[in-house]
Amino acid sequence: MRRLGVFKSGFAVDVFVFLTGAFGATWLSSFVNTSWWAYLLIATVVTGLYAFVRWSLLTPQRVTLLAHNTLSDALADSAVAYGVTDLYNMQKSEDQNRRNSDTVVTISKAQTMSLAANSGASYLSVGLQRHWPTVRLRLSERVPFKVILLDPFCAERALRNTVNAAGEREDSKLPLGDIIRASNDFPHLEVRFAESGMTCSVFITQDEIYFDPYHLAEDGGRISNRFMCLRMSKTDVPQGISNYEMMSRHFDTLWEASMPLPDWLNRNKDKIGSLPELRARKRSLA
């Protein structure tokens, strides 16, 4: 229930209780031969005065409630109208845990999956074991999964490395070995690399999106990326396009501009060292 509704309801109940008490007390305490409307008039006047006094005395709280209600309603109405169904403050551990558990549920119901991210470790790292067990199950059930990762040798990645501790020369979270092994095991997994445009992490299914914007803010010698995560769904909007549609188009544009894993490995074979061999596929899944 919205705060303004709670405030109004509490105020109305307060007034109603006083009205009932004032009328009943006046009626029962008098036995003179006076018309009933006189008692009602008295009770109404007293109630009006009581309501006015209560409203005046509650001014500080009332102003706070009304202001907070106006802000929260404006934010909620605008966001919900364009498909936002949840918000996670990733600086709070409870929100991180809730986002992770919600994502697992979304993956388990997915009919299609798409991911654009810097490293994709949360979804593809065997060692991290965050979403990979559920992703692996869905891949084994032939759910298609398109993944775009940021090229660890591109200028955009290099800039992030200068902010991170010790100026990392490569993304320590990029599970390249796991990605190659998964690509060999699951033909419905397609991985590509993008050199630019990775402004956010988006995980997309047939009806939901998890959106995490990226930034370059240093926190304790590293970029934490702990910002706000939005969960969004398909919806009809009053004007323009929904957030779901916008992020889907973002992914499609990035996909067209990215390089398939086999081509990327061949181009960077002198930089990546010893890795499992990527087996050739009989046909393209594009």
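Helices α4 and α6 are roughly parallel to each other in this predicted model, because their axes cross at roughly 5° and angles under 35 degrees count as roughly parallel. The axes of α4 (residues 93–108) and α6 (residues 132–140) come within 9 Å. On the α4 side the contact is made by V104, I107 and S108, and on the α6 side by T134, V135 and R138. The residues of this contact divide into 3 nonpolar, 2 polar and 1 charged.

Two further helices, α7 and α9, can be described by their buried and exposed residues.

| Helix | Buried residues | Arc of buried residues | Exposed residues on the other side |
|---|---|---|---|
| α7 (residues 155–163) | R157, R160, N161 | 105° | A155, T162 |
| α9 (residues 243–256) | Y244, M247, S248, H250, F251, L254, W255 | 155° | T253, E256 |

In helix α9, the buried residues fall within an arc of 155° when seen down the axis, so they line one face of the helix. An α-helix has 3.6 residues a turn, so residues three or four places apart point the same way. The buried residues of α9 are covered by elements that include β2 (113–117), β3 (145–150), β4 (189–194), β5 (200–204), β6 (208–213) and β9 (228–233). The length of α9 also agrees with expectation, because at 1.5 Å a residue its 14 residues should span 20 Å, and its end C-alpha atoms are 20 Å apart.

In helix α7, R157, R160 and N161 are buried, and they cover an arc of only 105° around the axis, which puts them on the same side of the helix. What covers these buried residues of α7 includes β3 and β8 (222–223).

How values were computed: Residues are numbered from 1 along each chain as its sequence is written. This is a predicted model: local features need pLDDT of at least 70, side-chain atom pairs count only at pLDDT 80 or more; totals for chains, interfaces and linings use all residues. Side-chain values use heavy atoms; hydrogens and water are left out. Helices (H or I, at least four residues) and strands (E, at least two) are DSSP runs, numbered from the N terminus. The expected span of a helix is 1.5 Å times one less than its number of residues. Buried means under 20% relative accessible area, exposed over 50%, partly exposed in between (1.4 Å probe, protein chains only). The arc is that of the directions from the helix axis to the C-beta atoms. Contact means heavy atoms within 4.5 Å. Axes are lines fitted to C-alpha atoms, for helices over the stretch in contact, and angles run from 0 to 180 degrees between N-to-C directions. Angles under 35 degrees count as roughly parallel, over 145 as roughly antiparallel, 65 to 115 as roughly perpendicular and the rest as oblique. Ala, Val, Leu, Ile, Met, Phe, Trp, Tyr, Cys and Pro count as nonpolar, Asp, Glu, Lys and Arg as charged, and the others, Gly among them, as polar.
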